[in-house]
Amino acid sequence: MMKVTIIGGHGKVALLAAAELAKRGDTVTSVIRNPDHVAEIAATGATALVLDIENASAAEMAEAFKGADAIVWSAGAGGGSPERTYAVDRDAAIRSMIAAELAGIARYVMVSFLTASTEHLVPLDDPFYPYMAAKIAADEHLRASTLDYTILGPGVLTLDGPTGLLDPAPDLASDTLTSRSNTALAIVAALDQPASIGKTINFTDGTVPVAEVVAGA
């Protein structure tokens with residue numbers, strides 16, 4: 001059994017991952033900003049921890065993370081102003097990595113996205129630029145950290161049900177749809193699989209069992 005802290009616990013992927021982890025007996029703490037969401041967190045079998053990560057310091061996060069075996073970042077600003085996108089998707093994410101190091105928690109799983117690389121970065125005047133730039137910066141910081149990280153890169157997220165099957169080498173010119181349910185399963189598999197440490201695993205819905213994709217990345 002593991003003690004897992006999920007940041008961004010009220011997000012759709014996070015709720016699904018918390019339920020999967022709790023169902024198998026792991027202890028899950030879901031970090032949320034809005035106390036009105038506590039009941040939804042409890043329904044997954046997780047325990048809610050109310051903390052505004054956008055404004056929390058690394059030291060405050062480290063205190064909240066104490067006792068965890070692993071941290072999962074599944075938070076995001078969800079659009080809106082570029083300033084808030086950078087504040088959450090880049091700055092708060094990086095502070096959470098520093099916090100994990102301060103708290104002595106080595107394992108860290110980042111939910112990123114399929115084309116999070118400078119190779120695919122859109123022009124500066126594209127509305128998607130702040131999100132892409134923020135996530136790329138956070139991923140790069142994670143790769144340079146001392147953490148035992150896994151970066152998960154799902155494609156365009158859907159509400160389809162879980163198939164448990166992924167494509168580990170997606171063709172970006174074709175269908176890049178990825179269900180949130182399968183992404184949640186990938187989080188669980190990454191936490192289970194030491195072979196995923198130090199890897200960036202990009203995927204879409206496909207034909208290969210999730211565990212094999214994560215283990216063989």
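S30 sits in a crowd: leaving out residues up to four places away in sequence, it touches I6, G9, A18, I41, A46, T47, A48 and L49. This is a predicted model, and in it S30 belongs to strand 2. With a relative accessibility of 0%, S30 counts as buried. One of those contacts, I6, also stands opposite S30 in the strand pairing.

**Strands 1 and 2**
- Strand 1 covers residues 3-7 and strand 2 covers residues 27-32; the two run parallel and share 5 bridges.
- Strands in a sheet pair through backbone hydrogen bonds, and the pairing can be parallel or antiparallel.
- T5 has its own bridge partner in strand 2, namely T29.
- Strand 1 is mostly covered, with 4 of its 5 residues buried.
- In a regular strand, side chains alternate between the two faces of the sheet.

**The sheet as a whole**
- Strands 1 and 2 belong to an open sheet of 9 strands, whose order reads 3-2-1-4-5-6-10-8-11.
- Pairing in that sheet is mixed.
- Strand 3 (47-50) and strand 11 (208-209) are the edges; each has a single partner strand, so one side of each has no neighbour in the sheet.
- Counting everything in the protein chain, there are 7 helices and 11 strands.

**I53, in a loop**
- Where does I53 sit? You'll find I53 in the loop between strand 3 and helix 3 (58-65).
- Loop or not, I53 is buried: its relative accessible area is 12%, and the cut-off for buried is under 20%.
- Setting aside residues up to four places away in sequence, I53 touches I7, V31, M61, W73, A75, A92 and R95.
- T163 is 110 residues from I53 in sequence, and the C-alpha atoms of the two are 32 Å apart in space.

**L177, in strand 9**
- L177 lies in strand 9, which spans residues 177-179.
- Is L177 buried or exposed, or something in between? L177 counts as partly exposed, at 38% relative accessibility; that class runs between the 20% limit for buried and the 50% limit for exposed.
- Beyond its neighbours within four places in sequence, L177 is in contact with V156, T158, T204 and D205.
- I197 is 20 residues away from L177 along the chain, with 25 Å between their C-alpha atoms.

**Overall shape and packing**
- The radius of gyration is 16 Å, which agrees with a compact globule, because a chain of 217 residues packed that way would come out near 17 Å.
- Along the principal axes, the C-alpha atoms fill a box of roughly 45 × 40 × 35 Å.
- Of the 217 residues, 47% count as buried.
- How much of the contact network links residues at least 24 apart in sequence? Among contacts between residues at least 6 apart, the share is 66%.

**Surface and charge**
- About 9600 Å² of the protein chain is exposed, and carbon and sulfur atoms supply 55% of that area.
- The chain carries 14 positive and 26 negative charges.
- Take the mean position of each charge set, and the two points lie 5 Å apart.

Conventions. Residues numbered from 1 in each chain as written. Predicted model: local features only at pLDDT ≥ 70, side-chain atom pairs only at ≥ 80, totals over all residues. Heavy atoms only, no water. Rg over C-alpha atoms; globule rule 2.2 N^0.38 Å. Buried < 20%, exposed > 50% of the residue type's maximum accessible area, 1.4 Å probe, protein only. Contact = heavy atoms within 4.5 Å. Areas by Shrake-Rupley, 256 points an atom, 1.4 Å probe, with all protein chains shown as cover. Lys, Arg positive; Asp, Glu negative; His and termini not counted. Charge placed at Lys NZ, Arg CZ, Asp CG, Glu CD. Pairing = 2+ DSSP bridges.
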